[in-house]
Amino acid sequence: ENGSAAAIPIDPRFDIAYVTPVTIGTPPQTLYLDFDTGSSDLWVFSSHTPESQVRGQRIYSPEKSSTAKLLAGHTWSILYGDGSGSLGNVYTDNFTVGGVTVTSQAVQTAQQVSYSFTSQSEIHGLVGLGFSTLNTVFPNGQLTFFDNAKSTLDSPVFTADLKWKKEGTYDFGFIDETKYTGEITYLPVQTDPGYWTFTSSGYAVGDGAFHPASIVGIADTGTSLTYLPAEVVTSYWGQVDGAVDSDYYGGYVFPCSSKLPSFTFGVGPANITIPASYINYAQITEGSPVCFGGLQSSSWLGVNIWGDVALKAAFVVFNGANPPTIGWAKK
Ligand SMILES: CCCC[C@H](NC(=O)[C@H](Cc1ccccc1)NC(=O)N1CCOCC1)C(=O)N[C@@H](CC1CCCCC1)C(O)(O)C(F)(F)C(=O)NC
């Protein structure tokens, strides 16, 4: 059974994250979760989350679901790249997204969430779409929704069609030819340690020369921006009047009035161009003449991350066949 679900930007001003409606349990409880190819835990705000840590989020109450089963003796705890985190216990229950149902999905219920989750009322939890090897449940790691659903899909794939300041879609089990133009270029994926890791073939700034390079990075729907090697982002921001790498603001900022070039990255013999508007990420604060860049250095991260700023410029196929591959197409 294939499926399709909306990827809704949680903030109308800038694309910090996208959430997707899901239903859990019997009768169905609807929550809006952040589908994240950069992790592999499916966790939700729940009736086990202290009220002091819940601020407007919808919660999953397993005690109100006739199909919920406690996974006795199992716990989980996750820390994300931005320093946020959560932990708790585990149930299995019916889980449906876009018409695709998994009847015994591990649903990790939060007993603690960090303040950045408490303060983000639009995110009610995460659906990890990384490889199940990254799942943090102890003592037995659990399978992701995609791994559980794969065998019931026409094809073991899901696609991401994220959009700039608009609602996009995640499709499961099929490739919608109306969502892209030209050909899909498939690249090998390195599944160790469990991210959708691929190698880009280089980059160009604006309509400048293409620089062949091997840029190993992860395709990560759960990261707002895009983080690339210092020499790449230095050559990009070097083309922007007044751009500086600011310790104060924690990255490249520039005068909002400056003109930005586009950024092109290679995918095999093909390439994807990120429009300048996507890289003009946001004003530092409402009305500020200082703007924050959507392309930032990965040097302090230890990994290159092709986050939403890059992904929303493309139609991306996450192919869970054996071996897995990742497909990129213009749109
Ligand atoms: C510095 C590198 C970026 C780290 C990345 N976080 C981000 O990109 C967060 C996402 C966020 C959205 C809404 C509210 C709050 C935070 N945004 C963020 O740091 N910024 C700061 C810069 O301006 C844009 C917004 C991250 O940890 N992504 C996680 C998943 C997110 C965790 C926080 C909640 C939203 C999902 C990830 O799983 O994709 C990961 F791969 F990075 C990871 O940590 N895997 C273990």
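This passage describes the ligand site, the disulfide, and several loop residues of a predicted model.

The ligand makes a natural starting point. The ligand sits in the largest pocket, where 23 residues surround it. The closest of these are Asp-36, Gly-38, Gly-81, Asp-220 and Ser-224. Polar atoms of the protein approach the ligand from both backbone and side chains. From the backbone, a polar atom of Gly-81 is 2.7 Å from an oxygen atom of the ligand. From the side chains, a polar atom of Asp-82 lies 3.0 Å from a nitrogen atom of the ligand, and a polar atom of Thr-223 lies 3.4 Å from a ligand nitrogen. On its own, the ligand has 850 Å² of accessible area, and the protein covers 85% of it.

The covalent cross-link comes next. The structure holds one disulfide, and its partners are Cys-256 and Cys-291, with an S to S distance of 2.1 Å. The torsion about this S-S bond is about 105°, so the disulfide is right-handed. The bond links distant parts of the chain, as the two cysteines are 35 residues apart. Cys-256 belongs to the loop between strand E16 (251-255) and strand E17 (263-267), whereas Cys-291 is part of strand E20 (residues 290-293). The surroundings of the two partners can also be set side by side. Cys-256 has a relative accessibility of 22% and is therefore partly exposed, a value that falls between the 20% limit for buried residues and the 50% limit for exposed ones. Cys-291, with a relative accessible area of 3%, is buried.

A pair of residues in one loop offers a similar contrast. Both Asp-176 and Thr-178 are found in the loop between strand E10 (166-172) and strand E11 (181-188). Their side chains make a polar contact with each other at 2.6 Å. Thr-178 has 70% relative accessibility, so this residue counts as exposed. Asp-176, its contact partner, is buried, because its relative accessible area is 17% and the buried class covers values under 20%. The contact thus joins the side chain of a buried residue to that of an exposed one. For orientation in the fold, the C-alpha atom of Thr-178 is separated by 16 Å from that of Asn-2, although these positions lie 176 residues apart in the count along the chain.

Backbone geometry brings a few further points into view. Most residues other than glycine have a negative phi, and most peptide bonds are trans. Against that background, two cis peptide bonds can be described. One runs from Thr-26 to Pro-27, with omega near -10°, and the other from Phe-138 to Pro-139, with omega near 5°. Each of these prolines is in a loop: Pro-27 is placed between strand E2 (18-24) and strand E3 (29-36), while Pro-139 is found between strand E8 (125-128) and helix H2 (145-149). Lys-165 is notable for its phi, which is positive at about 55° although this residue is not a glycine. Lys-165 is found in the loop between strand E9 (157-163) and E10. With a relative accessible area of 38%, Lys-165 is partly exposed.

Two other loop residues complete the survey. Gly-194 lies in the loop between E11 and strand E12 (197-205), and Ala-314 lies in the loop between helix H5 (308-311) and strand E23 (315-319). Despite their loop positions, Gly-194 is buried at 0% relative accessibility and Ala-314 is buried with a relative accessible area of 0%. Distances to other parts of the chain help to place them. The C-alpha atoms of Gly-194 and Ala-110 are 84 residues apart along the chain and are separated by 23 Å. For Ala-314 and Thr-181, 133 residues apart along the chain, the separation of the C-alpha atoms is 9.8 Å.

Technical notes. Residues numbered from 1 in each chain as written. Predicted model: local features only at pLDDT ≥ 70, side-chain atom pairs only at ≥ 80, totals over all residues. Heavy atoms only, no water. Disulfide = S-S within 2.5 Å. Helix = DSSP H or I, 4+ residues; strand = E, 2+ residues; numbered from the N terminus. Buried < 20%, exposed > 50% of the residue type's maximum accessible area, 1.4 Å probe, protein only. Polar contact = N/O pair within 3.5 Å; in protein donor to acceptor, adjacent residues only side chain to side chain. Near = heavy atom within 4 Å. Areas by Shrake-Rupley, 256 points an atom, 1.4 Å probe, with all protein chains shown as cover. 1 Å grid on protein atoms, 1.4 Å probe; cavity = no way out; pocket = protein on both sides within 12 Å on 5 of 7 lines; lining within 4 Å. Sits in = over half its atoms within 2 Å of the grid points.
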